[in-house]
Amino acid sequence: MKTLLSWLLNSAALIALTYYLPGISVSGFARALLVVLVLGLVNTLIRPVVLFFTLPINILTLGLFTFIINALMFWLVGWLVEGFYVAGFVPAFWGALCMMIIGWIINAILNK
């Protein structure tokens, strides 16, 4: 039940995010559900591999390169999912950062 509620809340957060961040658009709530699902799959399957191969850069930057990887994963989902558009790296960076913070807050609230 928590997973379903988290999925719905993250999708609603993505819709709200498109109103505040220029360069990110999603065509509807059903598409936002798909985007959050694909983003979760990308973060589960592809992101760890990318983090492993960029570990030396990540160590040199004291972990700050992880933000760039998160932005690239967000941008990748924008490229993969029809109806979800990310205009470039800067909107992807801010979108990934906001989604990370919102997801962290949602998980903190749901796990209480």
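Author: Buried means under 20% relative accessible area, exposed means over 50%, and partly exposed lies in between. The model discussed here is predicted.

Reader: Which residues of α5 are buried?

Author: Helix α5 runs from 65 to 80. A residue there counts as buried if its relative accessible area is under 20%. The ones that qualify in α5 are Phe65, Thr66, Ile69, Asn70, Ala71, Met73, Phe74, Val77 and Gly78.

Reader: How far does α5 reach from its first C-alpha to its last?

Author: Helix α5 has 16 residues. At 1.5 Å a residue, 22 Å is expected. The span in the model is close to that, at 23 Å.

Reader: Is threonine 54 buried or exposed?

Author: Threonine 54 sits in the loop between α3 and α4. Leaving out residues up to four places away in sequence, it touches Phe65 and Ile69. Both of these are on the buried list of α5. Threonine 54 has 14% relative accessibility, which is under 20%, so it counts as buried.

Reader: Is leucine 62 buried or exposed?

Author: Leucine 62 lies in the loop between α4 and α5. Its relative accessible area is 78%. The cut-off for exposed is over 50%, so leucine 62 is exposed.

Reader: What is phi of leucine 62 near?

Author: Most residues other than glycine have a negative phi. Leucine 62 is a residue other than glycine, yet its phi is positive. The value is near 55°.

Reader: Which residues have the most contacts inside the largest nonpolar core?

Author: In soluble globular proteins, nonpolar side chains tend to be buried together. The largest nonpolar core here has 24 residues. Elements that give two or more residues to this core are α1, β1, α2, α5, β2 and α6. The residues with the most contacts inside it are Leu14, Val26, Val35, Phe74, Val77, Val81 and Phe84.

Reader: Which residues does valine 35 touch, not counting residues up to four places away in sequence?

Author: Valine 35 belongs to helix α2. With 1% relative accessibility, it counts as buried. Beyond four places in sequence, valine 35 touches Leu14, Val26, Val77, Val81 and Phe84.

Reader: What is valine 26 in contact with, leaving aside its neighbours within four places in sequence?

Author: Strand β1 covers 24-26. Valine 26 is among the core residues with the most contacts. Its partners outside the four-place window are Ile15, Thr18, Arg31, Ala32, Val35, Gly83 and Phe84.

Reader: What covers the buried residues of α2?

Author: Helix α2 has 17 residues. Ala32, Leu33, Val35, Val36, Val38, Leu39 and Val42 are its buried residues. Their cover includes α1, β1, α3, α5 and β2.

Reader: Which element gives the most to the nonpolar patch?

Author: The patch is on the surface and is formed by Met1, Leu4, Trp7, Leu8, Phe29, Leu34, Leu37, Leu41, Leu45 and Ile46. Together these have about 950 Å² of accessible area. Helices α1 and α2 each supply at least two residues. With 5 residues, the element that gives the most is α2.

Reader: How is phenylalanine 29 classed by relative accessible area?

Author: Phenylalanine 29 is part of helix α2 and of the nonpolar patch. Its relative accessible area is 40%. That lies between 20% and 50%, so phenylalanine 29 is partly exposed.

Reader: How many Å apart in space are glycine 40 and tryptophan 7, C-alpha to C-alpha?

Author: Glycine 40 is found in helix α2. It is partly exposed, at 30% relative accessibility. Glycine 40 and tryptophan 7 are 33 residues apart in sequence. Their C-alpha to C-alpha distance is 9.5 Å.

Reader: What do the buried residues of α6 pack against?

Author: Helix α6 has 22 residues and spans 31 Å from its first C-alpha to its last. Its buried residues are Pro91, Ala92, Gly95, Ala96, Leu97, Met99, Gly103, Ile106 and Leu110. They pack against α1, β1, α5 and β2.

Reader: How many Å apart in space are tryptophan 94 and asparagine 70, C-alpha to C-alpha?

Author: Tryptophan 94 is in helix α6. At 42% relative accessibility, tryptophan 94 is partly exposed. Asparagine 70 is one of the buried residues of α5. The two are 24 residues apart in sequence, and their C-alpha atoms are apart by 9.9 Å.

Methods. Residues are numbered from 1 along each chain as its sequence is written. This is a predicted model: local features need pLDDT of at least 70, side-chain atom pairs count only at pLDDT 80 or more; totals for chains, interfaces and linings use all residues. Side-chain values use heavy atoms; hydrogens and water are left out. Patches are made of residues with over 30% relative accessible area and no salt bridge: like charges are joined within 9 Å, nonpolar side chains (Val, Leu, Ile, Met, Phe, Trp, Tyr) within 5 Å. Accessible areas come from the Shrake-Rupley method with a 1.4 Å probe; for residues, only the protein chains shown count as cover. A salt bridge is a side-chain nitrogen of Lys or Arg within 4 Å of a carboxyl oxygen of Asp or Glu. Helices (H or I, at least four residues) and strands (E, at least two) are DSSP runs, numbered from the N terminus. Buried means under 20% relative accessible area, exposed over 50%, partly exposed in between (1.4 Å probe, protein chains only). The expected span of a helix is 1.5 Å times one less than its number of residues. Contact means heavy atoms within 4.5 Å. A nonpolar core is a set of buried Ala, Val, Leu, Ile, Met, Phe, Trp, Tyr and Cys residues joined through side-chain atoms within 4.5 Å.
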